[in-house]
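Student: Could you take me through one part of this model up close? I'd like to see how two of the chains meet.

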Amino acid sequence: MSNPFSMNGGAVVAMVGKDCVAIGCDLRLGMQALTVSNNFPKIFSYGDAYLGLTGLATDVTTMSELFRYKVNMYRLREERDIEPETMANLVSSTLYERRFGPYFVSPVIAGINQRTGKPFICGFDSIGCIDFAKDFIVSGTASDQLFGTCESLWEPDLEPEDLFETCAQALLNAVDRDALSGWGAHVYVITKDKIIKRLLKGRQD
Amino acid sequence: MSFLATPSYPQQNVPGGEPTQRHGFNPYADNGGSIIGIAGDDFLIMAGDTRHTAGYNINSRTERKVYRLGEESSLVLATVGFGADAKWLADTMKRAVDVCFPRLSMMKDFKFQHNLKDMTVSAAAQFLFTILYGNRFFPKYAYCILGGLDKNGKARLFSYDPVGSYSKEGERRAAAGAASSLIVPFLDNQVEFKNQYVPGTQGMTERPVEYLPLEKVEMLVKDAFTSATERHIEVGDGLQMVIVSAQHGVREEIIELKRD
Amino acid sequence: MEVLLGITGKDFTLIAASKAAMRGVTILKATDDKTKTLNSHTMMAYSGESGDTVQFAEYIQANVQLYGMRNNSNWQLSPSAVASLIRHELARSLRSRNPYHVNLLVGGFDVTENKPHLYWLDYLAAQASLPYAAHGYAQYYCLSILDKHHHPDIDLEKGIELLKMCRDELINRLPIDFKGLLVKVITADGIREIEL
């Protein structure tokens, strides 16, 4: 059995740029060392907020579906999309509800607030403690490697295209040094009026 | 390093019997820190931070991890892990390579036996393997990176695990220690150009690997350590760099890192 | 040593399950059927803890049929909807006092979009949609064979040939006789059993 956070593997990273944010994930789903699927994306979109989930695969799916339900209910009540900051508090309180029997996930949120136009990213531990960051957030089995690549490649005020390249290189090079992550990647670059999703081919080993 | 963790069994007394006393001694410690080595064409940089830790304590902010193996020699050894073993390895290598203590030396120093000739890098590399593997069943708990210039002035670099495994071909860059998992993917990207492709080839042609100039390598080393210092608590205080160049000889430099 | 295999192709999904019912090292039955038909174009194969498997499978079978009846007798759940329903039940069970220990392959053919489907689910309710899948030791022997020889647009004949390659490898490598494979195929026409 071992650690539920590292049974299936996976990595997510989010970065802030100049009036833009990027969020990326790998595509592997494994059982310990055996790779079961190389098409298991870990980023889910909820209107203006993008949610990345790493950890136990079953909880990744459960949480993504739970938030789909919650965000749809929010949209019906409020007659508007959820803002990233609001989403962060929703995720936090949902996780803390399970304080003594947590979902084994490490969520990451990225998005641009449509009202203020401000980029927003944040991360969480599995019981909902929010980690607000001005630069980048990492999570998953390659988090050590991602800390290294992000800390040395990222710089403030990157334009969308440069932010994409930085995010993609940070992710790709990090997951190549983690046996439990990789097998391709998705990277979203989010600006106020455009979202670009790119599918990256990575090493298949 | 879970196999090095101190066992914490509760004291168990047999009811009605003599109180039992269990004695445990852990011969190893982890003193943190990180080292890296990058080889250029005719130069190499060996670097390490100067923090020495025990758990959350900082023992020293000025403890060096990179050792020159002799005054005239181009050989440089960087070691990290258990500080005492690391130092023992450095001393043993120094004694073998140099003419420091000909009288005290147990294994007759190399220069003395070989008509004052310097040991080559590949010979030193094989010698370090012998030392490490000689302690196979009570290992010296230290990760080593050995570098130097060969007869033609080309840079050579070797890296070892605690029991001596190394590649005789050598490598272009190596990292070890507490923050190696942070530094290695960065070096993959910036030294070996991993995941980089030639523009306009639709990601079909990989960017060819080439030797980097000294200034660029120096910048990469500083970037690697400032980044590791930001995110790893066992790395910081100072950055010791030893630059071995075929043209300009050996130069040592220590710059400040964050002390928090 | 239970074997579950699934392969999709151009216009079909193949599901195979070993015929041996085992308890420890004893083979209790050599004609076991580890599959359940869920609706006209969806079926599943299951393995795991004995007792849990049949209990869970029958529960799912009944509930998928109930869902169909409650809504519309002419309409039925698509394979992806069935897989989601199963995952939901398994995920709910996972955080209960005694969770089901059941691994599943769900195969189907979506008649509206005319596409074959195969879903892999483990006892933790991790779900993946795959072109080919396996459970148990068969994963280690068969996935590499399928990695090399499978293409998404193969016909049924080729699919059966791949299944035979997998079976032969398993007979060669597994230390216990699994008594051959029970094979079912789902096409636009429905589900039928075939001899390998």
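**Where chain A meets chain C**

Tutor: Let's start with one pair: A:Glu65 and C:Arg87 join their side chains in a salt bridge, 3.8 Å from N to O. Bear in mind that this is a predicted model. That pair fits the rule because a side-chain nitrogen of Arg has to lie within 4 Å of a carboxyl oxygen of Glu. Between chain A and chain C, the rule picks out 2 salt bridges. Polar contacts link 6 residue pairs between these two chains, counting pairs with both residues at pLDDT 80 or more.

Now look at which pieces of chain A do the touching. β3 (29–31), β4 (34–37) and α1 (57–78) of chain A each give two or more residues to the side facing chain C. Of these, α1(A) gives the most, with 6 residues. By type, the chain A side splits into 12 nonpolar, 6 polar and 2 charged residues.

Step back to the whole contact, and you'll count 20 residues from chain A and 15 residues from chain C. Together the two chains bury about 1300 Å², with 60% of it on carbon and sulfur atoms. On the chain A side, the most area is lost to chain C by A:Leu34, A:Val36 and A:Thr58, which together make up 36% of what that side buries. So if you're clicking through the model, try those three residues alongside the salt bridge between A:Glu65 and C:Arg87.

Terms used. Residues numbered from 1 in each chain as written. Chains lettered and ligands numbered in written order. Predicted model: local features only at pLDDT ≥ 70, side-chain atom pairs only at ≥ 80, totals over all residues. Heavy atoms only, no water. Contact = heavy atoms within 4.5 Å. Buried area = accessible area lost by both parts, 1.4 Å probe. Polar contact = N/O pair within 3.5 Å; in protein donor to acceptor, adjacent residues only side chain to side chain. Helix = DSSP H or I, 4+ residues; strand = E, 2+ residues; numbered from the N terminus. Nonpolar A, V, L, I, M, F, W, Y, C, P; charged D, E, K, R; others polar.
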